Amino acid sequence: MLRFGILSTAKIGKDAVVPAIQDAENCVVTAVASRDLAKARAMADRFSVPHAFGSYEEMLASDVIDAVYIPLPTSQHVEWSIKAADAGKHVLSEKPIALKAEEIETLIAARDRNKVLISEAFMVTYAPVWLKVRELLAAGAIGRLRHVQGAFTYFNRDAANMRNIPELGGGALPDIGVYPTITTRFVTGQEPLRIQAVTERDPDFGTDIYSSVKADFGGFEMSFYIATQMANRQVMVFHGTEGFIEVKSPFNADRWGAEEIELTNQKHTESQIFRFQDSRQYRRQAESFSRAVAGEKVEIVSLENSLKNQKFIDAIYRASEHDGWETV
């Protein structure tokens, strides 16, 4: 059993990841750390976790954990991933693991010198929904892929929310722009060559709140938009010469709606619906990570994969500063 320590009492950890780890077959939470010991103890008691620490450093120095899960504000992911690696702990960090591609290169160096595993927590890559999309595309179910279309939006103007605070790594692209990019790259196995983009920033917060993106993958194109101040929407469509695949709840499959894919033929006369009951993508993520730590050959999100995805995001920011194409 891989023993996890949770670095902070953040909501994503309490609501999704910690319950998933506790439900997993090959890992368990053995410690919670917070800068407030009372908060750490309260969360530990909630999940029957034996150890609580009043500082992150104290937990990293302990021998009651083998790995850490990091749900801190985005701006702190790199710092604490490196500190955890230097303490000999494996790292599962919330996305985005960094805010610039060059920061991920420092994580790769930390991983290699400490001989630990560091992985970005893209739970979607472990979800049966996305594994099925990849399988259908590889099998030629829609013929030649010509276009990918996506949207991920929600509304949040809470000034105290870290997503609206630049210093904490806030912004739409770091928070949700990474999802259309990682999933498209995951299911196609292809990388973007060049980007066009328009990005809008909030006049009060200074964070990016909207982006409309066009990406050239060589063999197909991709267009998507994201926003943190629009009505809630999630959709991804893969359109080919012989049909198209629509992913109904692409990113928050366990909370947004039905976990299903619809495959429609060229003439729009037949459809197949693939449903996935309770896919538990966070549990699958924890179990895959734990198997990888144990030395099994399983597919996880490598830092090299994360580096390519961050280069995509970095290129969107650069492309937003001028008209025309920006090379990734």
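Where is the place of R280? R280 sits in the loop between strand 14 and helix 8. The structure is a predicted model, and this report goes through its sheet, some of its helices, its aromatic pairs and several backbone features.

## Loop residues with positive phi

R280 has a phi near 50°, a positive value in a residue other than glycine. R280 is partly exposed, because its relative accessible area is 40%, and the partly exposed class lies between 20% and 50%.

S8 is not a glycine either, yet its phi is positive, at about 105°. The loop that holds S8 runs between strand 1 and helix 1 (11-23). With a relative accessibility of 7%, S8 counts as buried.

## The nine-stranded sheet

Nine strands make up an open sheet with mixed pairing, and their order is 14-13-12-11-7-10-9-8-15. Strand 14 (271-275) and strand 15 (326-327) are at the edges; each has a single partner strand, so one side of each has no neighbour in the sheet. Within the sheet, strand 9 (residues 208-216) pairs with strand 10 (residues 221-227) in the antiparallel sense, over seven bridges. In this pairing V213 stands opposite F224 of strand 10.

Helix 6 (residues 128-138) packs on the sheet, where it touches strand 11 (229-240), strand 12 (243-247), strand 13 (260-265) and strand 14. The direction of helix 6 makes about 170° with that of strand 12. Helix 7 (residues 172-188) lies across strand 7 (145-155), strand 8 (194-201), strand 9, strand 10 and strand 11. Helix 7 runs at about 155° to strand 10.

## Aromatic pairs

How many aromatic pairs does a search of the whole structure find? The search finds ten. One of them joins F122 and Y179, which are edge-to-face, with 6.0 Å from centre to centre and 80° between the planes. This pair links distant parts of the chain: F122 is in the loop between strand 6 and helix 6, Y179 is in helix 7, and the two are 57 residues apart. F122 counts as buried, at 0% relative accessibility. Y179 is also buried, with a relative accessible area of 7%.

F217 and F220 form a stacked pair, with 4.6 Å from centre to centre and 15° between the planes. F217 is buried, with a relative accessible area of 4%, and F220 is buried at 6%. Elsewhere, F122 and Y179 belong to one aromatic cluster together with W130, F152, F238 and F251.

## Charged residues over rings

Two tryptophan rings have a charged residue over the face. K83 lies over the face of W80, at 4.1 Å from the ring centre. R194 lies over the face of W325, at 3.9 Å from the ring centre.

## Helix 4 and what covers it

Which residues of helix 4 (residues 77-86) are buried? They are H77, V78, W80, S81, A84 and A85. W80 is thus a buried residue of helix 4 as well as the ring beneath K83.

The buried residues of helix 4 are covered by elements that include strand 1 (2-7), helix 3 (56-61), strand 4 (67-70), strand 5 (90-93), helix 5 (101-114) and strand 6 (118-120). Just after helix 4, G88 takes a positive phi of about 85°.

## A cis peptide bond

The peptide bond from K95 to P96 is cis, with omega near -15°. P96 is in the loop between strand 5 and helix 5.

## R283 in helix 8

R283 is found in helix 8 (residues 281-293). Is R283 buried or exposed? R283 is buried, because its relative accessible area is 16% and the limit for buried is under 20%.

The side chain of R283 makes a polar contact of 3.2 Å with the side chain of D23. Another polar contact, of 2.8 Å, joins the side chains of R283 and E287. Leaving aside residues up to four places away in sequence, R283 touches A20, D23, A24 and E25. D23 therefore appears both among the residues touched by R283 and as a polar partner of its side chain.

Definitions and conventions. Residues are numbered from 1 along each chain as its sequence is written. This is a predicted model: local features need pLDDT of at least 70, side-chain atom pairs count only at pLDDT 80 or more; totals for chains, interfaces and linings use all residues. Side-chain values use heavy atoms; hydrogens and water are left out. Buried means under 20% relative accessible area, exposed over 50%, partly exposed in between (1.4 Å probe, protein chains only). Helices (H or I, at least four residues) and strands (E, at least two) are DSSP runs, numbered from the N terminus. Contact means heavy atoms within 4.5 Å. Two strands pair if DSSP finds at least two bridges between them. Axes are lines fitted to C-alpha atoms, for helices over the stretch in contact, and angles run from 0 to 180 degrees between N-to-C directions. A polar contact is a pair of N or O atoms within 3.5 Å; within protein, one must be able to donate a hydrogen and the other to accept it, and residues adjacent in sequence count only if both atoms are side-chain atoms. Rings of Phe, Tyr and Trp (its six-membered ring) pair if their centres lie within 6.5 Å; planes under 30 degrees apart count as stacked, over 60 as edge-to-face and the rest as tilted. A charge sits over a ring if NZ of Lys or CZ of Arg is within 6 Å of the ring centre and within 35 degrees of the ring normal.
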